[in-house]
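Please keep the model open in your viewer and follow the stops below in order, selecting each part as it is named.

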Amino acid sequence: MNEFEPKIVGFLCNWCAYSGADLAGVSRMKMAPNVRSIRVMCTGRVDPTFILKAFACGADGVLIGGCHPGDCHYAEGNYKALRRSVFLKRMLKEQGIDPQRLRIEWISASEGDKYAKVVDEMTETIRALGPLNQRNKEMINA
Amino acid sequence: MSKPKLALYWAASCGGCEIAVLDIEEKILEVDANFEIVFWPCVMDPKYKDVQAMPDKSIDLCLFNGGIRTSENKKMAELLREKSQVLVAFGSCAHEGCIPGLANLYSKDSLFKRVYKETPTTENSDGVYPQPVTKVPEGELEIPEFQEKLVPLSAVVPVDYTIPGCPPQPHQIWAVLEHIIQGKALPPQGSVLGAGLKTCCDECPRTREEKKIKRFYRPHEIIPNETQCLLDQGIVCCGPATRSGCGGLCVKVGIPCRGCYGAAPESPDQGAKMMAALSSVIDSQDPDEIEQIVNSVADPVGTFYRFSLAGSMLGRNRK
């Protein structure tokens, strides 16, 4: 069977979304296993280069999980991430990549259920879109 | 002792790089005095067979400008790689695709349709498109095949060095040639020559303050203040994401940096850095307002990747 399983890279902030994902895990919530999570100290640390590199290396989708507006541990990193995501979505669209492949969500440390829901939803969205086919070995080593 | 052999070639380019070489002015005589110019289609009349007849690795230095757009470009790149000891991607087209690389946003079919059919000055009611092979009574005629995408030189052959710029600035070209004429050791393979190690902002004489942008302007929509940072004034300037080396030519005369020296050192994707830079200066925390401010940038791909789309992270992989 060759059913397409989306690969999603999740950049999760240490203070909120990563803890939320952790909570979903320790609470034994059922969710799609398609997200490869990368813990970052803040979504403001997620340079657009990281997101493009994830796509270039074969990710079918990228999830950015951060603190709710006003709750950023570093005051306004999540707003920077929000502005970047707006730019990126527009840019992806112009390059022929569906902007739904990039999703930014605010998930607090207590919202394990929201994390599981977002992961499930996004996995289904990407499954419907199909593979991105951007994998390139040269890029992975770069 | 015989002089080292120099070759210059143009692939998919505008010819500006050739002019830039001539812009070193009287020093071109020194180039001639120190090198034997064996191949330079812009100023000499050589044929393919002349290059094919050269022994392998007999050209000491080959400056290759232009991207790889046609089958002929690719063939010449492979031939010159075979014949040259040092192959240099010269100028933005060979480096990252430059303006011709923006055509990668469209398919070959739609480009042909636009160029050979739809442009207002084109009369082509028979729908004639260029064909690689055409039969005429005298036999078959061939023209190079237009490939699906334009790729940088390094995508088809290994490249030893890169000289960025659109075009590379004459003083930088001379600095590189002089270095070689003086017989100094070459830097490690893969180095970028004739450019700086910082960003264009580093060479900009304008005063920078804290940036708070409520809308972005295109150059024709605003008369810039003469001393203040252009980005501070809301003009989209690619200085923060562009390699230094030009001397800040545009910003000194009130024109925002267009990004011609390509991605800044240690940052592989120029457009990603521009998005990061502009996202940091937008003065809003409201999603709707952010969207509105972002939309005031007229053409993000064409602006942030004006010179580097074909060499960008996503562009490099596109089929």
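Two strands are said to pair if DSSP finds at least two bridges between them. This is a predicted model, and with that in mind the tour can begin inside chain B.

**Stop 1: a strand with partners in chain B**

Select residues 59–65 of chain B, which form strand β3, and then add residues 84–90, which form strand β5 of chain B; β3(B) and β5(B) pair in the parallel sense over five bridges. To find the register of this pairing, show I59(B), which stands opposite S84(B) in β5(B). Now add residues 5–10 of chain B, strand β1, which also pairs with β3(B) in the parallel sense, again over five bridges. In this second pairing, L8(B) has L63(B) of β3(B) as its bridge partner. Is β3(B) mostly covered or mostly open? It is mostly covered, since six of the seven residues of β3(B) are buried.

**Stop 2: the domains of chain B**

Colour chain B by its domain assignment, in which domain 1 takes residues 5–99 together with 150–181, domain 2 takes 107–147 and domain 3 takes 200–317. If you place a marker at the C-alpha centre of domain 2 and another at that of domain 3 in chain B, the two lie 38 Å apart.

Next, centre the view on C201(B), which is found in helix α8 of chain B, residues 200–203. C201(B) counts as buried because 22 other C-beta atoms lie within 10 Å, where the cut-off for a buried residue is 20 or more. Leaving aside residues up to four places away in sequence, C201(B) touches G239(B) and P240(B). For a sense of scale, select E78(B) as well: E78(B) and C201(B) are 123 residues apart in sequence and 37 Å apart in space, from C-alpha to C-alpha.

**Stop 3: the sheet of chain A**

Move to chain A and display its open sheet of four strands, which run in the order β2-β1-β3-β4 with parallel pairing. Why is one side of β2 (35–40) and of β4 (102–106) in chain A left without a neighbour in the sheet? Both stand at the edges, and each has a single partner strand, so there is no neighbour on the remaining side. From one strand to the next, the twist averages 20°.

Highlight strand β1 of chain A, residues 8–13, which pairs with β2(A) in the parallel sense over six bridges; within this pairing, F11(A) stands opposite I38(A) of β2(A). Now add helix α2(A), which packs on the sheet and touches β1, β3 (61–66) and β4 of chain A, its direction making about 150° with that of β3(A). Helix α3 of chain A, residues 77–94, packs on the sheet too, touching β3 and β4 of chain A, and its direction makes about 160° with that of β4(A).

**Stop 4: where the chains meet**

Show both chains together and select the contact between them, in which 22 residues of chain B meet 24 residues of chain A. On the side of chain B that touches chain A, α10, α11 (287–295) and α12 (300–304) each supply at least two residues, and α10(B) gives the most, with seven. The residues on this side of chain B divide into 14 nonpolar, six polar and two charged.

Finally, zoom in on α2(A), residues 48–56, and α10(B), residues 270–281, whose axes come within 8 Å and cross at roughly 145°. The crossing is right-handed. Show P48(A), T49(A) and L52(A) on α2(A) and A272(B), M275(B) and A276(B) on α10(B), which make the contact; these residues divide into five nonpolar, one polar and no charged.

Definitions and conventions: Residues are numbered from 1 along each chain as its sequence is written. Chains are lettered from A and ligands numbered from 1 in the order in which they are written. This is a predicted model: local features need pLDDT of at least 70, side-chain atom pairs count only at pLDDT 80 or more; totals for chains, interfaces and linings use all residues. Axes are lines fitted to C-alpha atoms, for helices over the stretch in contact, and angles run from 0 to 180 degrees between N-to-C directions. A crossing is left-handed if the near helix is turned anticlockwise from the far one by less than a right angle, and right-handed if clockwise. Two residues are in contact if their C-beta atoms, placed from the backbone, lie within 7 Å. Ala, Val, Leu, Ile, Met, Phe, Trp, Tyr, Cys and Pro count as nonpolar, Asp, Glu, Lys and Arg as charged, and the others, Gly among them, as polar. A residue is buried if 20 or more other C-beta atoms lie within 10 Å of its own, exposed if 12 or fewer, and partly exposed in between; C-beta atoms are placed from the backbone. Domain bounds come from an automatic or database domain assignment.
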